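Subject: Handing over the model

Hi,

Here is the structure I promised to pass on. Have a look at it first, and then read on for what turned up.

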Amino acid sequence: MHERTTPQRLIVAITGASGVIYGIRALETLARDPSVETHLILTAAARATIAQETNWKAKDVEALAATVHPSANIGASIASGSFETLGMLVAPCSIKTLSAIANSYSAELVARAADVQLKEGRTVVLLVRETPLHAGHLRLMQQAAENGAVIMPPVPAFYTRPKTLDDLINATVGRALSRVGIRNPLCYEWLGMSNAESEPRS
């Protein structure tokens, strides 16, 4: 038996949906955490969206990860259940990728890696990015959830009174990483409403 050694591994996939900054921010955060080894998949569409939406270069995003896997390489280490990980974060998750994961259509590495994580009982968090949603989208989300995936659209939270776009991004990424089981500085424990009374009125 081989002892499991640190750091722990997390697969991060960035697809071509709007919101690639979520995946980038997750990689930035984890790059500062020596206890986590990141395995990145960038789809071809993600590379185009990175250029459209951010000032990042794809190669600089790749440099944030410990290992980068080509999206066409379905024989990569992360395509096997014997390669132990904490799970997988797909941020953002396009409807195309959602459909592939929901239907176990493993033609590319993102869907294959997600399918492997699900069959092994590991956490797969999908930041599904689309709006509005038609019935087909909703059916795909339900099917993916029934297969074990965590459906987590990047819906902003306002109870923390965010002041910047970065605040909103960080809150979503922090919650997503926490859901995979990674403690991180972007996620804060909710201690109750500051204007709530501690004792009920008599």
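Which backbone oxygen does the side chain of T15 reach? That would be the backbone oxygen of P92, at 2.7 Å. Before going further, please keep in mind that this is a predicted model.

Let me stay with T15 for a moment. You'll find T15 in the loop between strand 1 (8-14) and helix 1 (20-31). With a relative accessible area of 1%, T15 falls under the 20% cut-off, so this residue counts as buried. If we skip neighbours within four places in sequence, T15 is in contact with V20, T43, A46, V90, P92, C93, S94 and T97. Two names in that list, T43 and S94, come back below when I get to the pockets.

Now the sheet. It is an open one, built from 6 strands in the order 3-2-1-4-5-6, and the pairing is parallel. Strand 3 and strand 6 are at the edges with a single partner strand each, so each has one side without a neighbour in the sheet. As background, strands of a sheet pair through backbone hydrogen bonds, in either a parallel or an antiparallel way.

If you want to trace the pairs on screen, here are some places to start:

- Strand 1 runs parallel to strand 2 (36-42), and 7 bridges join the two. R9 stands opposite E37 of strand 2.
- Strand 4 (87-93) pairs with strand 5 (123-128) over 5 bridges, again in the parallel sense. In strand 5, V124 stands opposite M88, and T123 is the bridge partner of G87.
- Strand 5 is joined to strand 6 (residues 150-151) by 2 bridges, and these strands run parallel. L126 has I151 in strand 6 as its bridge partner.

How many residues of strand 1 are buried? The count is 5 of 7, so strand 1 is largely enclosed by the rest of the structure. Strand 5 has 5 of its 6 residues buried, so it too is largely enclosed by the rest of the structure.

On to the helices. Helix 5 (109-119) is mostly covered, with 9 of its 11 residues buried. The buried ones are L109, V110, A111, A113, A114, D115, V116, Q117 and L118. What do they pack against? Their partners are strand 1, strand 2, strand 3 (67-70), strand 4, strand 5 and helix 4 (95-102). After helix 5 comes G121, with a positive phi near 75 degrees.

Helix 2 (44-53) has a residue worth clicking on as well, namely I50. I50 has a relative accessible area of 1%, which is under the 20% cut-off, so I50 is buried too. Leaving out residues up to four places away in sequence, I50 touches V20, I24, L42, W56, K57, A58 and V61. V20 is also on the contact list of T15. I50 and G19 make a pair to look at: 31 residues separate them in sequence, while their C-alpha atoms are 8.8 Å apart in space.

Finally, the pockets. The largest pocket holds about 500 Å³ of space. Its lining is made up of 21 residues, and those nearest its centre are A157, Y159, T160, A171 and R175. By type, the lining splits into 14 nonpolar, 3 polar and 4 charged residues.

The second largest pocket has a volume of about 310 Å³. Here 16 residues form the lining, with T43, S94, K96, T97 and E108 nearest the centre. Which helices each supply at least two residues of that lining? Helix 2, helix 4 and helix 5 do. Helix 4 gives the largest share, 3 residues. The lining of this second pocket consists of 8 nonpolar, 6 polar and 2 charged residues. T15 comes back into the picture here: T43, S94 and T97 are among its contacts, and these residues are also among those nearest the centre of the second largest pocket.

So if you only have a few minutes, start at T15 and its reach to P92, follow the sheet in the order 3-2-1-4-5-6, and finish at the two pockets, about 500 Å³ and about 310 Å³.

Happy browsing!

Technical notes: Residues are numbered from 1 along each chain as its sequence is written. This is a predicted model: local features need pLDDT of at least 70, side-chain atom pairs count only at pLDDT 80 or more; totals for chains, interfaces and linings use all residues. Side-chain values use heavy atoms; hydrogens and water are left out. On a 1 Å grid over the protein atoms alone, a cavity is a set of points where a 1.4 Å probe fits but cannot get out, and a pocket is an open set with protein on both sides within 12 Å along at least five of seven lines; lining residues have an atom within 4 Å of a point. Grid points are joined across faces, edges and corners, and a volume is the space filled by probe spheres set on the points. Ala, Val, Leu, Ile, Met, Phe, Trp, Tyr, Cys and Pro count as nonpolar, Asp, Glu, Lys and Arg as charged, and the others, Gly among them, as polar. Helices (H or I, at least four residues) and strands (E, at least two) are DSSP runs, numbered from the N terminus. Buried means under 20% relative accessible area, exposed over 50%, partly exposed in between (1.4 Å probe, protein chains only). Contact means heavy atoms within 4.5 Å. A polar contact is a pair of N or O atoms within 3.5 Å; within protein, one must be able to donate a hydrogen and the other to accept it, and residues adjacent in sequence count only if both atoms are side-chain atoms. Two strands pair if DSSP finds at least two bridges between them.
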